[in-house]
Amino acid sequence: MSPVDALAFLCLVAMVPLLVLSGHGFLGGGRGWFLGGFLAFLAVGLWGQWMAEASLRRLELPLRLVVQLMMFATVALYAAAGGLLVVGVIWALVTSAAYVAKARQET
């Protein structure tokens, strides 16, 4: 596993708690935790369906990279709306850079 692959994986793992905390920032209380968990579950499901290396329906480059970047921007918008603007923007920039570098390695 290359350093770029490791960074991309860590960024992907960080997406889950970021979405959970973003959902909690929207609503607060139990409903916020539920919303955050739902957002994280949805993101993991979409990733597993179209972007995971083991997926049978994995999108081909460059479409996969475009969808990934759109997903990262959407997560950053959720984070900003949930009160995590700085964290969301930094996460999106680092994650996007990692996945662009990873896509360049694959081609």
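In what order do the elements of the chain run from the N terminus on? They run α-α-α-α. That is four helices and zero strands. One caution before I go on: this is a predicted model.

Let's start with the overall shape. The chain has 107 residues, and for that length a compact globule would have a radius of gyration near 13 Å. The chain comes in at 14 Å, which agrees. Along the principal axes, the C-alpha trace spans about 45 × 30 × 20 Å.

Next, contacts. Take the contacts in the chain with a separation of 6 or more. Of these, 59% are between residues 24 or more positions apart.

Now the surface. How much of the chain counts as buried? The figure is 33% of the 107 residues. The accessible surface comes to about 6300 Å². Carbon and sulfur atoms account for 75% of that surface.

A quick word on charge. The chain carries 6 positive and 4 negative charges. Their mean positions are 10 Å apart.

On to the aromatics, where I'll spend the rest of my time. The structure holds five aromatic pairs. I'll show two of them, and both involve F72.

First up, F72 with W91. What kind of pair do F72 and W91 form? It is edge-to-face, with 90 degrees between the planes. Centre to centre, the rings are 5.6 Å apart. Look at where the partners sit. F72 lies in helix α3, residues 63-81. W91 lies in helix α4, residues 85-106. So the pair ties together parts that are 19 residues apart in sequence.

Are these two side chains buried or exposed? F72 is buried, with a relative accessible area of 1%. The cut-off for buried is under 20%. W91, at 8% relative accessibility, therefore counts as buried too.

Now the other pair, F72 with Y99. This one is tilted, with 50 degrees between the planes. The centres are 5.3 Å apart. Again the link runs from helix α3, with F72, to helix α4, with Y99. These residues are 27 apart, and the pair links distant parts of the chain. Y99 is buried, as is F72.

Put the rings together. Which residues do ring pairs link into a cluster? They are W47, F72, W91 and Y99.

So, on your screen, begin at F72 in helix α3. Go across to W91 in helix α4. Then go from F72 to Y99, also in helix α4. Finish with W47, which belongs to the cluster as well.

How values were computed:
Residues numbered from 1 in each chain as written. Predicted model: local features only at pLDDT ≥ 70, side-chain atom pairs only at ≥ 80, totals over all residues. Heavy atoms only, no water. Helix = DSSP H or I, 4+ residues; strand = E, 2+ residues; numbered from the N terminus. Rg over C-alpha atoms; globule rule 2.2 N^0.38 Å. Buried < 20%, exposed > 50% of the residue type's maximum accessible area, 1.4 Å probe, protein only. Contact = heavy atoms within 4.5 Å. Areas by Shrake-Rupley, 256 points an atom, 1.4 Å probe, with all protein chains shown as cover. Lys, Arg positive; Asp, Glu negative; His and termini not counted. Charge placed at Lys NZ, Arg CZ, Asp CG, Glu CD. Phe/Tyr/Trp six-rings, centres within 6.5 Å; stacked < 30°, edge-to-face > 60°.
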